Amino acid sequence: MLQEEVLHLFPEAMRGRWRKVAGQAEGLQEIRLRTQAPVTVLIRNREWFVNQQGELMDRQPVEAGSSPEELEEVLKHLCQYSIYAFADEIRQGFLTIQGGHRVGLAGQVILEEGNRIRNMKYIRYLNIRIAHERKGAADSVISYLYEKGRVLNALLISPPGCGKTTMLRDIIRQISNGTAYGRGVNVSVVDERSEIAGSYLGVAQNDVGIRTDVLDGCPKVEGMMLLIRSMAPQVLAVDELGSEDDIQALLRASGCGCKLIATIHGNSLEEVKNKKYMCYAVNNGLFDRYIVLGKRQERCEIEGIYDREGRACLS
């Protein structure tokens, strides 16, 4: 139960303060803890302060914020009192914990030769992002992703916070399990930031389908080719394209016969077309479908679905 999962994010001695927040679990999006600053939570896109008694307030409380010791205790609890075991994730600035919830970290970075991040210490800022699995999120688009029973290459375009990863996850689940438009197929996911499957100790915490294999915490470029060699996927899925290398890896995967499902940050198809590293892929028809998400009056919605020539499929 999500309410219990939220409560158990905190050490037992602290849970009394968090019971009211946990009671809002279905709408809870973020919990932000900052040393010597007020605790804030995001519930249904509205920010609230949380005082020492656990009450939600619309204005800053008078008492001081969390102490460094309190944040350290929360972090130790989240790491099951073995921070060393999570050192690789901490170095990347986030943890994925049981339930698929994600904890962003900030503090003092320790650099090694070549200015690469070796570790992080004095972690004084935590952003706990609550995972909400929304089965059926892709119901309104799934029919557009098939042609004569075969999966089409698709790119989801969305500004931050409009649910592109949630939709991607449900597309993966449905394609993997099979739909009214096509049989289930083998799907491989490169989950670079552990946001799609939300893997914990290698096990997907989110339902990504019965024929899905997940490579967790691996960079997209290396991960795509590794999965093609090792898992022989029929569909390859990745989140947040962001470089020429990502596109080249997709082109290689497509050349191996994989169908592609991917996402990218953007406000429109035109904006994505104008990204330098996307020009070749768009102009040469790599993607058969473009699904554009947006936000209107604080509601996330589908703004358009387009074919490879940019013609509207959805009126």
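This report walks through a predicted model of one protein chain, from its overall build to a handful of individual residues.

## The whole chain

Let's start with the big picture. The secondary structure of this protein chain amounts to nine helices and 16 strands. With a radius of gyration of 21 Å, close to the 20 Å that the globule rule gives for 315 residues, the chain is as compact as a globular protein of that length. If you draw a box along the principal axes, the C-alpha atoms fill roughly 60 × 45 × 35 Å.

How much of the chain is buried? Buried residues account for 48% of the 315 residues. Contacts tell another part of the story: taking those with a separation of 6 or more, 58% join residues that are 24 or more positions apart.

## Surface and charge

Now to the outside. The protein chain exposes about 15800 Å², and carbon and sulfur atoms supply 45% of that area.

Charged side chains come next. There are 40 positive and 41 negative side chains in the protein chain. The centres of these two sets lie 3 Å apart.

## A look at helix α6

Helix α6 covers residues 220-231, and its length can be checked with simple arithmetic. At 1.5 Å a residue, its 12 residues should span 16 Å; the C-alpha atoms at its ends are 15 Å apart, which agrees.

Which residues of α6 are buried? They are Lys220, Gly223, Met224, Met225, Leu227 and Ile228. Here is a handy rule for reading such a list: an α-helix has 3.6 residues a turn, so residues three or four places apart point the same way. The buried residues of α6 pack against two kinds of partner: the strands β11 (187-191), β12 (212-216) and β13 (235-241), and the helix α7 (244-255).

## Where α6 stops

Met231 lies in helix α6. Is Met231 buried or exposed? Neither label fits, because its relative accessible area is 36%, which makes Met231 partly exposed. Leaving aside neighbours within four places in sequence, Met231 is in contact with Ser188 and Asp213. Following α6 comes Ala232, whose phi is positive, near 45 degrees.

## Two loops with positive phi

Asn45 is found in the loop between β2 (39-43) and β3 (46-50). Its phi is near 70 degrees, a positive value in a residue other than glycine. Asn45 counts as partly exposed, at 40% relative accessibility.

Lys148 has a positive phi as well, near 55 degrees, and is likewise a residue other than glycine. You can find Lys148 in the loop between β8 (146-147) and β9 (150-151). With a relative accessible area of 85%, Lys148 is exposed.

## Glu73 and Tyr125

Glu73 has its place in helix α3, which runs over residues 68-78. At 30% relative accessibility, Glu73 counts as partly exposed. Setting aside neighbours within four places in sequence, what does Glu73 contact? Its partners are Pro11, Met14 and Tyr81. Glu73 and Ile43 are 30 residues apart in sequence, and their C-alpha atoms are 24 Å apart in space.

Tyr125 belongs to strand β7 (residues 116-129) and is partly exposed at 42% relative accessibility. Not counting residues up to four places away in sequence, Tyr125 touches Leu33, Arg34, Leu71, Gly104, Leu105, Ala106 and Gly107. Two distances help to place Tyr125 in the model. Its C-alpha atom is separated by 19 Å from that of Ile43, 82 residues away along the chain. From Tyr125 to Met231, 106 residues apart in sequence, the C-alpha distance is 38 Å.

## A buried arginine

The last stop is Arg173, in helix α5 (residues 164-177). Why is Arg173 called buried? Its relative accessible area is 15%, and buried means under 20%.

Which residues does Arg173 contact, beyond its neighbours within four places in sequence? The answer is Lys135, Gly136, Asp207, Val208 and Gly209. Arg173 and Lys295 are 122 residues apart along the chain, and their C-alpha atoms are separated by 24 Å.

Notes: Residues are numbered from 1 along each chain as its sequence is written. This is a predicted model: local features need pLDDT of at least 70, side-chain atom pairs count only at pLDDT 80 or more; totals for chains, interfaces and linings use all residues. Side-chain values use heavy atoms; hydrogens and water are left out. Helices (H or I, at least four residues) and strands (E, at least two) are DSSP runs, numbered from the N terminus. The radius of gyration is taken over C-alpha atoms; the globule rule is 2.2 Å times the number of residues to the power 0.38. Buried means under 20% relative accessible area, exposed over 50%, partly exposed in between (1.4 Å probe, protein chains only). Contact means heavy atoms within 4.5 Å. Accessible areas come from the Shrake-Rupley method with a 1.4 Å probe; for residues, only the protein chains shown count as cover. Lys and Arg count as positive and Asp and Glu as negative; His and the chain ends are not counted. The place of a charge is taken as NZ of Lys, CZ of Arg, CG of Asp or CD of Glu. The expected span of a helix is 1.5 Å times one less than its number of residues.
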